[in-house]
Amino acid sequence: MSAMDFSAIRSRLAGSEGRLYWRSLGELADTEQFRDYLHREFPEQASQWNDPKGRREFLKLMSASLALAGVSACTKQPAEKIVPYVRQPEELVPGRPLFFATAIPFGGVATPVLVESHEGHPTKVEGNPQHPASLGGTDTFAQASILTLYDPDRAQTALFRGEYRGWGDFLIGVKDALGNHRVNQGTGLHFLTETITSPTVLEQISLIQKTYPQAKWHRWDAVSQANDAVYHFDKADVIVSLDADVFAGGPASIRYSRDFATRRREGVDVEHGGTEAAPAAKPMNRLYAIESTPSLTGAKADHRLPLRASEIEAAARALSGSGGGGASFSNPNAQKFIEAVAKDLQAHRGTSLVMAGDYQPASVRRLARALNESLGNAGATVTYAAAGNAPDDPAASLRELAQAMDAGQVQLLVILGANPVFTAPADLKFAEKLAKVGLSIAHTTHPDETSVLCHWNVPEAHPLESWGDARAFDGTVTVMQPLIAPLYDGRTTAEVLSAFIDEQSGKSAHDLVKDYWTRAYGGQVGGFTITDSSGQPFKSAESFWKHVLHDGWVPGTGGAGREAGGAAAAGAAAGAAAATTPERSSNLDPRTSTTASAATGGLEIIFRPDPTIWDGRFANNGWLQELPKPITKVTWDPTAWISVKTAEDQKLRDGDLIELKFRGNTAKLPVAIVPGHPDGAVTAFFGYGRGVIGRVGQAPEDVAREFDVYRLRTSDALWFGSGLEISKVGRYVIARTQEHHLMEDRRPVRDANIEDYRKDAEVIAHMGEKPPRTMTLIPEWQYNGYKWGMAIDLTACTGCATCTVACNAENNIPVVGKDQVNRGREMHWIRVDHYFSDDLDNPKTYHQPVPCMQCENAPCELVCPVGATTHSAEGLNDMVYNRCVGTRYCSNNCPYKVRRFNFLLYQDWHTASLEPLRNPDVTVRSRGVMEKCTYCVQRINYARIDAKREDRKIRDGEVVPACAAACPADAIVFGDLNDPASRVTKLKQLERNYGLLEELNTRPRTTYLASLRNPNPELETARAATTHD
Amino acid sequence: MINPPPATYDPAPLIEPGHTFGSITDKIATVVVGGRTPITWFVVVSIGMMIMGMLGVAVTWLLIKGTGIWGINIPVGWGFAIINFVWWIGIGHAGTLISAILLLLKQGWRTSINRFAEGMTIFAVMCAGLFPLIHTGRPWLAAYWLFPYPNSMAVWPQFRSPLIWDVFAVSTYFTVSLMFWYVGLIPDMATLRDKARKRPQQIIYGVLSLGWRGSAKHWQRYEHIYLLLAGLSTPLVLSVHTVVSFDFAIGIIPGWHATIFPPYFVAGAIYAGFAMVLTLAIPLRKIYGMEDFITIRHLENMAKVTLVTGLIVGYGYTSEAFFGWYSANKYEGFMIWNRMTGPYWPYYWTLVFCNIITPQTLWIRKVRTTPILIFAVAMVVNVGMWLERFVIVITSLHRDFLPSSWGMYYPTVWDWMTFVGTIGMFIVLFFLFIRFLPMISIFEMRTMAPEAKLTESEGH
Amino acid sequence: MSQIFHRSTNIWSKVSILGGLVFAGFLGWVVVTIAWSGYVTGQGVTVDQPVQFSHAHHVGSMGIDCRYCHTTVEESAFANIPPTKTCMNCHSQIWTNAPILEPVRASFRENRPLEWTRVHDLPDFVYFNHSIHVAKGVGCATCHGRVDRMPLMYQENSLMMRWCLDCHRNPAKYIRPRDQVFNMAYERPADDPGIGERLVKEYKIADARQLTSCSTCHR
Amino acid sequence: MDAAHALPPVIYGLMAEFDDPSALVAAARRAYEAGYRKMDTFSPFPVEEAWEAIGHHDRRLSKIVLAGGLTGLLTGIGLQEWVHELAYPINIAGKPLNSWPQFVPVCFELTILFAALSAVLGMIILNGLPAPYHPAFNVPRFERASRDKFFLLVESDDPKFDRQATLEFLKGLNPSEINEVEP
């Protein structure tokens, strides 16, 4: 079987008039192979149950359920109990949710959130609007964390050698173990953690180190986001990314997305805070991405240069005009590109920004920093921590531990949060060395590869069960308070560490944290100057504490003082690391290279954390497993990304299963051909192939076990390395939610260059036809009250898919599992469509969130025989689950295909632990029922009722659907179209506002704001010809 | 459109010479009363039973698990269930056409085939009706939400939906066809009652015949309403497939949203129906030696109708393709192009071969007059017409407006079991009918006997 | 030939056909009657409760206001079932050792909630909100009946959808002045027929189109 | 069917048997001319001339069916208009409440349904069916009325009926056989 004929594709692309988009490559080639590939991909007789039993069963379990009692009017309802409180809490009003400010740490860094709680159980995570690191936005991980809270597979009790123990037993166990360490000053006492920014914990560690000077503290982050730079996109006009993906999710991406989007829109629309003169005053920012693996940042970029990861450093040098000039790049356009970028940077001294990727070596980070400093950006568009937070060699600390273990010097090892057995570089052989440890303690959320090999297992409390504190990416100290008493016997890191500190032993997390901040208020620790947001001191430690709990963060540690905060955060962490961080290995001089660039022989392998399950920590989270990964739209499995050209050379097709051989280690991955991927390189994603985790994440005992990419990772090639060999070993079925990535000439996404748009704003309207409202025989329905509508700004959208996960959580959307996704039955109410265009080797990439359009002339309603979907007085396209018989006609007749059908019983009717997860305001759908986006009608009703009771109109912004609320880029705006002052009305008046498929006269209430780009004329020439049809 | 055969050659007779009232009566009635049942009957019925068993299993599993056991998905929300529904309902049409329209057109040759053609209609509609019921996976709801009746929710069906039109059209069609059939049977029941010698038979047929005794006064009213029923069934049968076509034509999906659908569906229905009548008639006349009554002339006439309707269907396809191009509508254009060259191209071209190419052989008289050949053609057409529905339903849905939502459809084993199962059900029902009711209308055949002609004796 | 049937069968056949029709109709009637009866809807059925609590006594005789126990009825969808604490406010003083109140005391002692059986139980796909109804002048008694005359609580109305619609289509028929909402005994002034319409205007109650939109109650 | 008499008749009537429709029709005409009215013919298939000969033609069914059809039509219109304009007026797909063009199909189907029902029931009722018992069946050879023989029956309660005379008269029609029909 030969690979598809890509030359055919190229010629088609070349020969085609104007802009040509393509679907999946196979179809573009439209070869025989592709057809038989299609058929092999979906064997006609594929059985309903080719999913491993346990796994499939659990999928249901990952979504809440509420029996649709009495769906048919005849069924007699079973008697229902009401159980009132014995003593009812003051603030609690049954039937009204409460919101609490807290934080969800991610890799040690806080994501500030507000959590919605119904009668004492948290159901939904929102961003904390007042917190500088959130401004109301969240990311996929924060949204999905609520599901992890209720995950029945979590570690539940303390275990010693697999036997049940209580917390008390653990404290005693530790006391005994510490016995002789007191004498030998802690020799042989080792701690292993991930990055820690919690002031409380850091203090504990320093206390421990006081008592046990010989104790060693090691740090290991499988995927370290530790970066000592804090970017200020709001001040940057020209941004250059050196393999940095700032929109990929994680604490920093939230604020970054917002600032970036704001600056992108301000220059265009009055409504986004610009002025008529705005364009001149505040130009739209311009983003260059010089990157290896295609990322969301690259997708958003105005110009993108695909390079191998190993070439980034050379590019950085070339950019800084230092040395790299002569370097030869795999990409012929590189020189021209870099020159243009360099020119643009020089033209924007002080308002430009160079970002180095977390997955690039320290040298690149230093180059970027030097560049920023020379451009006068440092302090303006970027601030740096005083001390470098990230060690040059992230593996050094762990290697040292491994050596100590190997030498049998480790008597007591305490592993807090990290999962080294799974994630440690292969060459450290951590697992076998762990056996040589006298006594090992693992503190983990789930039983995992590490905990099963440790003597003591202590369940880690979920952030929403925990008292604690952590710093946001910008240093803002953020306090965590529990929303619910620990479901199991979980403990926080602070509690575990307290066992090692005599004066703290056995203290509760609450006491530990509050005690620390009371002392901090008193100025004894931390060196904080504590004032409220207006700069005034607090009356008392108590009022300070109350205030902090209410707002969720400590004023003065971030916000205005972001630099200071950043420094403090990094400083603290670094101080922590200092214990073991080896001497900075020379080359602080940016001009000397540290990496052997330019692959010699074989392919280059690039490692990346999985976009949805990250380093594997979310492997047991059904929402994230089923969340389509950006660009490829693959669910439930990792893929190896290769470029089109590489695919040709290697004769590979989508779905081929390949074996990767790197430094003597092997792993297997299915192939995904990704246009825009650098040639001669393969990107492999961490996180899959987990041996121990839970029913969802655990790879079945088959080829999926070999998807573990950590097997290939060595401590000298943590993020990339050359000398990879791949060979095809078979085929593997990957479940994608989108097979076709070509727009045809249908223009679902309309886009233009800012210059063209400024010249003629009509350019957007001309990309489609819109029938005049008069073109109808029948009288129109009038909407006199509220008239709900939505505008989605494609200029702002980064395609991060946070909206999808937020919708899952808000609307009790079930997880259906790989098999069902493969059959085209995913249930997401809002999907993020993805399209390519232009150059096959370096395409433009588009993202488009698609919820229900809430058409005024809804084709779905017309054809429903039972009137299960009708129009409300406010113009909502209501879906009445309990009336639906399930003819699926509505879905057939929906031009947007946004309706979702419960083909099987996807809801879980049995698992008690998931019951509290449900949003009680949304019906849980049963088998055979159609469902779809409702504009979060429960929130609308809630607001309407409140407004009516207070005898007023609903205020603009009072109703915010889950997707809009979660969006970090503020790309989704919802409101009343009858209110001329509402934001959404204003947005819909913009010339770049258009309706999807509006030529069908469905009159969608959801419309889009066209995607605008701000390309550099110098680089644009190539494409100028093909910008319009 | 159905004219008496041109005089270019002398047509075979409608009934072989030498038959009297008695001989006709005995020949047909003995099959039911007193006659020995041919072994083939048992073979066929037991096979049918087995196939029907698959239907039972498939439906049970469906009710337990839900429609997810089928190949359907988003975007292809309709699959085999609807395809089979349209296919079966189409087949049904020929029966009504023969019994009603040919009656109005005074086509004598309908007489010996209308009875089992009507039977075929009833059973085909039964098979068809099964699908709307089960295709929601929750028939209990479909049953009581689709019919309007005062209920505790004070909500009613949504009469703008073609599916509701379907409910009314199909149930009306079934009821009327059933009555039409039964009315036709009454006098023959009387015959059976009088010929029967076993008490139980006498009672059963006696009850069913309502005590018919051939009184002139009865005959007069009988003939009157028989004509009226024919007059009512004619527009009905046309309306039914029109409504079925609305299920698609009302939708906005390219490939469905076409004004040509009603006529083209009706023609298709008759086409498929006649193919099925031939498929049944040719073996039947062999097994039961009915060559005297179902003569080559009948087969030839039916072959002609098949040819004509086949041509109309062909025109339908052509115009679909033409307007795909002529409309200059990107969606329409892509739709037809995708049918011809997309992933499902083999289905489309097979369909063209079965429904347009093959029937052309019927221009040749040799083919029209050779039962085995006609049978072969009819079989091909049966397949072709099923494929037509597959192409219309699947290829239109699987790639509609937004490329991002495009998908594929692959039937599962359950789809196949359900489909094949209904064929078994059809066979069983049909052969039960053959065994327990006269397969040819006896009293109408009598009128074909030469002696039935009135010799103007005395009087005015 | 000999007759197959007896003379009388002529009558019998006709009679049995008519009889069949009548019987079918009767069956239909039976089904409907059962489906709409209290047996299915729970209308007028008293259910066993852990404590034989008498609204008649507390509301009727003692004249305790609804809101003393159902505290959240004005602010929340759910009209709070009182915590045991509320009972004990009085019953720690009076009837302190009435055997009938033992479950209450036990609950308070052992901090174990009482388990009441729901009397008004809407299907889970219906979202009823007390606060808005109360705010718009729908009296407690309008839906719950004269609770002050119910020794044991039961469901006054069928709670069928058509029953809800009856008011949602024409609120004027039912609403009363806000200050009368909690008055069990309220009667409309006979001399003021226009009061309904007037209140609908005054309270800005939405029109039927809004009130009968599906998403008003179903989400 | 059973006519009421002052005194119970000895027999129900006299029945003449013929071999072919022509003979039957001829005989029936003669009998009608002879002034007999209460009579009937029996044939294995409809013979139009036969009922003309005995002067029978019932046109009521046309009106019944028409009435049935109209009822169906009105039911259809009434039902749909009521449901969508009065019972639960709601905005569906932005279409007007009275989307009459979309109500046509159901109206049509109901028209046909009601018409057909009234036709069949009308026929059965007017024919006084079901009537499993009939005196004619008492004649053994009558079973051939549903096979190949043709019968003319003169009922005894015909004013002109006289057991002897009528018997003679029927003989004159040269039937293949004559039977007395017991009640």
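Helices (H or I, at least four residues) and strands (E, at least two) are taken here as DSSP runs, numbered from the N terminus. The structure is a predicted model, in which local features need pLDDT of at least 70 and side-chain atom pairs count only at pLDDT 80 or more, while totals for chains, interfaces and linings use all residues. Residues are numbered from 1 along each chain as its sequence is written, chains are lettered from A in the order in which they are written, and side-chain values use heavy atoms, with hydrogens and water left out.

A good place to begin is the interface of chain A and chain B. Here 66 residues of chain A are in contact with 70 residues of chain B, contact meaning heavy atoms within 4.5 Å. About 5600 Å² is buried between chain A and chain B, 55% of it on carbon and sulfur atoms; buried area is the accessible area (1.4 Å probe) that two parts lose on being put together, summed over both. On the chain A side, A:Arg746, A:Tyr889 and A:Arg927 lose the most area to chain B, and together they make up 14% of what that side buries.

Polar pairs also cross this interface. One salt bridge is counted between chain A and chain B, the term standing for a side-chain nitrogen of Lys or Arg within 4 Å of a carboxyl oxygen of Asp or Glu. A:Lys897 forms a salt bridge with B:Asp400, and their closest N and O atoms are 2.8 Å apart. In addition, 33 residue pairs across the interface of chain A and chain B are in polar contact, both residues being at pLDDT 80 or more. A polar contact is a pair of N or O atoms within 3.5 Å; within protein, one must be able to donate a hydrogen and the other to accept it, and residues adjacent in sequence count only if both atoms are side-chain atoms. Elements of chain A that each supply at least two residues to the side touching chain B include helix H3 (32-41), strand S30 (831-837) and helix H27 (859-863). H27(A) gives the most to that side, with four residues.

The interface of chain B and chain C takes 13 residues from chain B and nine residues from chain C. The area buried between chain B and chain C is about 820 Å², and carbon and sulfur atoms give 70% of it. Zero salt bridges are found across this interface, along with two residue pairs in polar contact. Helix H6 (162-195) and helix H7 (199-208) of chain B each supply at least two residues of the side that touches chain C, and H7(B) gives the most, with five residues.

Within chain B, helix H12 (residues 345-357) has buried residues (under 20% relative accessible area, 1.4 Å probe, protein chains only), namely B:Tyr348, B:Leu351, B:Val352, B:Cys354 and B:Asn355. Among the elements covering them are helix H9 (261-287) and helix H14 (371-398) of chain B.

Some details of the backbone remain. Most residues other than glycine have a negative phi, and most peptide bonds are trans. The peptide bond from B:Ile74 to B:Pro75 is cis, with omega near 15°, and B:Pro75 lies in the loop between helix H2 (39-65) and helix H3 (80-104) of chain B. A cis peptide bond also joins D:Leu129 and D:Pro130, with omega about -5°; D:Pro130 is in the loop between helix H4 (104-126) and strand S3 (150-155) of chain D.

Conventions
Buried means under 20% relative accessible area, exposed over 50%, partly exposed in between (1.4 Å probe, protein chains only).
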